[in-house]
Every structure is written in C-alpha cells, then in structure tokens.
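Welcome, and thanks for taking a look at this one with me. Have the viewer open as you read, and we will go from the ligand site to the sheet and on to a few helices and strands.

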Amino acid sequence: MWNKLYHGAAYYPELWNDTVIEQDIQLMKEAGINVARMGEFAWSKMEPHEDEIDLSFFVDVIKRLFENGIETVMCTPTPTPPIWMTDGHPERLFVDGEGKVMSHGSRQHICTNNAYFRKRAAKITEAIAKAVGNLPGVIGWQLDNEFKCHVAECMCGTCKTLWHEWLEEKYGTIENLNDAWGTDIWSEYYHSFDQVPQPVSTPFLHNSSLSTNYRIFSMEKINEFAHEQADIIRKHSKAPITHNSGTFFSVDNEQMFEKLDFASFDTYASQENAFAYLFNCDLWRNLKQGKDYWVMETSTSYAASLESNASPHPNGYLRSEAAAAYALGGAAFCYWLWRQQRAGCEQPHGSVISSWGKPTVGFANVLEVEKMRKELEPFILETKASQAEVAITHSDIGKAFMKTEPLQNMDYRGLFMDFYKRVLSMGIHRDVTQEGTDLSGYKVLMTPFLYYLSDEYIKNATEFVEAGGTWIVGPITGGRTREHTIHTDAALGKLDELAGVETLYTYPIEGTNSVGKAFDKSAPLSLWSSIFEPKGAEVVGVIEEGLSEGKAFLTEYKRGEGKIVMLGSLPTEEAGDELLKTIIDHYAADAGVALRTDVTEGTIVAPREGNGYKLWVIVNMDGKGGSVTLPTNGLDVLTKTELNEGQLSVDPYEYKVIQF
Ligand code: GAL
Ligand code: ZN
C-alpha cells in the first residue's frame, strides 16, 4: 500500500501561529518525520459556528508540509464537538451507567448515537473529505480518535430508543427475548421491547443476557458511526482509511476494521511491559492480514497528563520499539506528539519538541529511530512478515462477556496477555488472530478465556482440526451460550461431544487445593475450571488432589487428521507456568511447529519472507542483550558479514537483519 516506511508524529498546527508552524516544519525535517497526523480535535477551528466551515487553514498546512516532504494522515474531528453542539442541549450528552451526564470541556462527552450529532459529524466529515481528500500530501485517513477510550456504553434517551429497536431487530418478538434471556427469573418478564431497561443502576446485578447484549449493541453502534464516516470519505478520496484503536477500549475491532482499509493502534507500554507492545504488533498485523499496520501513537519517552505520568523510557528503548514495529509488519511508527502542548490537560506529556521549540529528553532517541528506519527500509520493503504457525484467538466479544461476568476480578486482557507472554517467551512465532480469521496455514490454534464460542467459530476450528490442526481449547472457554446463559444440553454445549469428553462440572477450583499433573509435572490449578470425564478422548492431565481427584483437566481427542485438546483449568504459580509451557511445548512439537527459535527472553526474532529467501530481524528489547541460534549460515545484511550457523549474540538494544 505504501512504498516507504513512515516515521511520524501527531501534529496540532491549530494551536500555534505561523512562525511556529514554519519552525515545526524545519524541525520535522531535521528529526526525520515524514508523516504528520492532523485534525482529530480541531472541530471548533474548522467550524467555529454552526455551518461556518472553513478548512483553508488545514489545506494550507497540508500543502506546506508536502512541499517539505512530509505527508499527512487527515482525521475527522468528531471526538471533540464544539460548544455550539451541546450548549443548551443536555440531551445530546453521554450518560454513564450511574446516570451521570458528561459535560463539554474534555473529549468523548457527546452521545455518538445522537441523531443531531451524527448529522453534524457527517457534514464536517464530508467538508473535510472534499477539501483535502485529493491533495497529493494526504496519504491516509484516521476516523475520530480512539473510539470509546474514555467512555463505554451510553445510557441516554436516544440510546434507549435505539436499544429497543436493536432488540426488536434481533429477536423479532418479545417472547423470543424473554425465552432467550430466561426472564422468568426475578420477575423480569417483559411485555414489549420498550419495557426492556438499559443496564443502569439497580440494587443488585442485571441479567447477564441484558448486560452482554447492551455491550454488543453499543459496539455495533460505534462501528455503524465509524463506517458511516468511512463511506462519506470514500466518496471524495482514494486514500486508505484507518482508526487508531486499542484493545483497552469498548469496541469490537474485528467488525470495525472489516470495513476499514488498514489497521493502526496506539500504545504507551513501558519497557517492562514490552510484551504488551509486542502483543499489539502481533494482533494488529493480523487484523487486516496482508496489509501493513501502523503504530499511530506512542510516546517518545513518557506519557503524562495533569494527574499522572509514566517514567521515561531508558535511552535505546524507543529505537527497539520502532525496529520491532517495522520488522513485525508495521509500515509506520508515529509519536504522540510532535510539539508539547502549552495548554489543556496534557501539557506534561512527552513529545519530540518542547512548547518552546527545543529538543525534549526523547529527541536523541527519535534521531536514532530515524537512522534505523533508513537502514531497515530497503530490507523491509523487499520482504513481508511471515505468517505464524500458531494462532491465538483474541476476541473483543469475548472481552465483553468477561466484563459482564468477571467472577473473582477476571480481566480478559490481563489473562490473555499472560497467556500470550508465555508463548512469546518460548520463542514461538505467533499471530494474535480474530474469531473470523482464516485458519489456513496454521498448525496450532489456541482459544483461551472465551466464555462463548460462536457456531461459526466452532465450525471453522473443527474443519481446521479435521484437516490436521491442533486446537487447544480453554481455560474458561465454551461455558456460556450466545445469550450469556448456561448450556442445557451439556456443560460446554457442542464442545463436549466434539472433543470426546463429558464435562462433569465446572467450578472455581482455586482454593480447593487441587493439583493437576501432566507430562510428569504437577502444579496447583486455578480459575473457573471444567472437569472432564473422557468419552473417547485420552486423558493427558489428571487432577491429583482436591475435590475432583482422579478426573481430567487436560484431554486430547483425535478428529480427522488433527486433534482437539481441552484445557479445563489454568495451572498456576511457578510450577503452573512450567506445566503450561510444557503443555504448549508438547503440542507445538507434536503439530510440527517449526517457526520457532531459542531466542533468549527480552530479545525477539521477527521472521520475514523475500523472493526466494528468508529474513530474520532480531531486536533486543530489554537492554540486556541476548542470543539466538542461527539454524544455517546466513548473511548479516547491515554489516555485510557472513555468519556461521550456531549461536549469535545480540547487544543491548541492538537490531540485526540476517538473510538466509
Ligand atoms: C491517547 C490519545 C491522544 C493522547 C494520548 C496521550 O490515548 O489518543 O490524544 O491523549 O493518549 O498519551
Ligand atoms: Zn446515548
């Protein structure tokens, strides 16, 4: 899609005068910034009064940047509607679950389902698309900014009406809804759709079906808004469209990006959480498979706002982050933000240039990124990131289910990240995939922590197994229906039969002194667990102590050419970590996973493919250096040295590009 690697920054020219803008452009050139993202909070600059739209300022800035070799990603400014939108119109504001009405003064304070807002958003979007959509400098679009990062589901009157319409569309008759949700419980029975409440304050919890459905409704609505904007832009511009999303937000990224052109994400992970950063690269690369993703925002050094600040990155880390981004399939590495803001609530935030126009503490690192970018560019452009053999399904719908039913504070992202981290630390190249990802080319599919598996997902995974794949299911996975109720045919619904087991009971095994043993390793078991009795499956892991002594927590069942492995519980503590690694190791080897190295923890290998050759980009992320075994002789293309097979060491924050 692009013929270069981008190195960019979020730019807010609307906050500065012409002299500063001129200085910015010169400094950007010095820093090696070749793309600026603009406009996402500038609605009141673009349309100070209703219907007085003037985009000449941005047209001019985009042209000036372009004349200086800097391209633009243009944004729609809809996260910050001007005061005229809500002044005297409280009904347009966002209302949270406690009934609190948001106010103008920050961002995301409006209800994005409000009809008037939608109308005005469409109008400003169309005006921007017309004004800048065909300027040569505009190489991409970003919709809004981090949808639902500060707010989740809105409970306003508009949303109430839309909710009722949505329910009617989904269930057809109120009887269907009553039946699906089991509303005989606690006299919840409804006679008409407009009686169904929103999940606002109640003395105790709402019905799980209602809560989860409302989350899904909200996610569908924000995607409807995103797609509405994208359609308008496409009428006037050919530049590809993205949204700077994340996995923290209350959105369904899979559905959102299905209709966008490329994936991008924002991240502010610290070096200690480098695995979270890598998780993002592995996820966003696969959200639009075959298309490069963008790191749309990250700090040059530290994030901060009036009420918090992170610690600065150690020198060297930024370059490793950027090298990893490009190596793992990224087309762009961009900062938030270019010039420190002098006002607002994010003045303390790290940037490339200070408010007074001088290099910040992160600046030298930005120069290092640029040097690396130039070095890597020819090799990255000639190759593409390899598909992994191991896919781990990540699901925003699954996240929504767990938000409704967290039990003992289960957090989908945290659990998933911990699981992911283990695979990463084992040197297994991995793709974080979506529920609908095409499974061809994978050898192992892992599906942890999803209460609900759709029929479609089960069908695809079963076909994958029958064709020779290994499907590792669990922990947690499968215990709830689409409506967030309990199955009544078998504990895990269709899964039981498919996997050749009978799930006898599911219960919180933690605190019951239960110990699981598999492959000669034992460990305490944790989380809400499924206890199996084999019905054709082979028992691989047995519960040795506790309430279910002698029963299975790990089974294996051959189906077609492949197998389904049920992991009913999460081994925990240090011994659990060992046991889980042993299980993953066993099934990876068993399935013939070869895209794997012995790279030491803290260093990564990003495999890429060229025309008739392979490339490894090796990056040390922890500043401690590391090593990896080269499987054959290779060529270090940066230093042009021949390397022998065997151990290769990597210096702190070093990056190497090896061709095989
Ligand atoms: C992001 C947001 C930016 C800025 C940044 C600060 O979440 O998109 O606008 O607020 O955080 O770290
Ligand atoms: Zn609303």
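## The ligand site and its surroundings

By class, the shell around ligand 1 is made up of three nonpolar, two polar and five charged residues. Please keep in mind that this is a predicted model. The residues surrounding ligand 1 are Phe 41, Arg 107, Asn 145, Glu 146, Asp 266, Tyr 268, Glu 297, Trp 336, Glu 346 and His 349. Two domains contribute here: domain 1 (1–33 + 262–381) and domain 2 (72–235) each supply at least three residues of the shell.

Which side chains place a polar atom 2.8 Å, 3.0 Å or 2.7 Å from an oxygen atom of ligand 1? The table lists them.

| Side chain | Partner | Distance |
|---|---|---|
| Arg 107, polar atom | oxygen atom of ligand 1 | 2.8 Å |
| Asn 145, polar atom | oxygen atom of ligand 1 | 3.0 Å |
| His 349, N or O atom | oxygen atom of ligand 1 | 2.7 Å |

On its own, ligand 1 has 310 Å² of accessible area, and the protein covers 89% of that.

## The nine-stranded sheet

Now for the sheet. Nine strands make up an open, parallel sheet, and their order is β5-β4-β3-β2-β1-β11-β8-β7-β6. At its edges are β5 (241–242) and β6 (244–245), each of which pairs on one side only.

Strand β3 (residues 71–75) is a good place to zoom in. Is β3 mostly covered or mostly open? Five of its five residues are buried, so β3 is mostly covered, with burial meaning under 20% relative accessible area. In a regular strand, side chains alternate between the two faces of the sheet. In β3, Glu 71, Val 73 and Cys 75 lie on one side and Thr 72 and Met 74 on the other, and both faces are covered.

The neighbours of β3 can be traced as well. Strand β2 (residues 35–38) pairs with β3 in the parallel sense through four bridges, and Val 35 has Glu 71 as its bridge partner in β3. Strand β4 (residues 138–142) also runs parallel to β3 and is joined to it by four bridges. There, Met 74 finds its bridge partner in Trp 141 of β4.

Elsewhere in the sheet, strand β8 (residues 293–297) and strand β11 (residues 330–335) run parallel and are joined by three bridges. Tyr 293 stands opposite Gly 330 of β11. Glu 297, within the range of β8, also belongs to the surroundings of ligand 1.

## Helices and a second strand pair

Why is helix α11 (residues 317–327) described as largely enclosed? Eleven of its eleven residues are buried, so the rest of the structure largely encloses α11. Among these buried residues are Arg 319 and Glu 321, along with Tyr 317 and Tyr 326. Just after α11, Gly 329 adopts a positive phi of about 115 degrees.

Ser 211 sits in helix α8 (residues 208–236). Because its relative accessibility is 12%, Ser 211 counts as buried. Ser 211 and Ile 486 are 275 residues apart along the chain, and their C-alpha atoms are separated by 15 Å.

Last stop: strand β15 (residues 444–447) and β16 pair in the parallel sense over four bridges. Met 446 stands opposite Ile 472 in β16. From strand β16 (residues 470–473), Thr 470 and Ile 472 point one way while Trp 471 and Val 473 point the other way, and all are buried.

Terms used: Residues numbered from 1 in each chain as written. Chains lettered and ligands numbered in written order. Predicted model: local features only at pLDDT ≥ 70, side-chain atom pairs only at ≥ 80, totals over all residues. Heavy atoms only, no water. Near = heavy atom within 4 Å. Polar contact = N/O pair within 3.5 Å; in protein donor to acceptor, adjacent residues only side chain to side chain. Areas by Shrake-Rupley, 256 points an atom, 1.4 Å probe, with all protein chains shown as cover. Nonpolar A, V, L, I, M, F, W, Y, C, P; charged D, E, K, R; others polar. Domains from an automatic or database assignment. Pairing = 2+ DSSP bridges. Helix = DSSP H or I, 4+ residues; strand = E, 2+ residues; numbered from the N terminus. Buried < 20%, exposed > 50% of the residue type's maximum accessible area, 1.4 Å probe, protein only.
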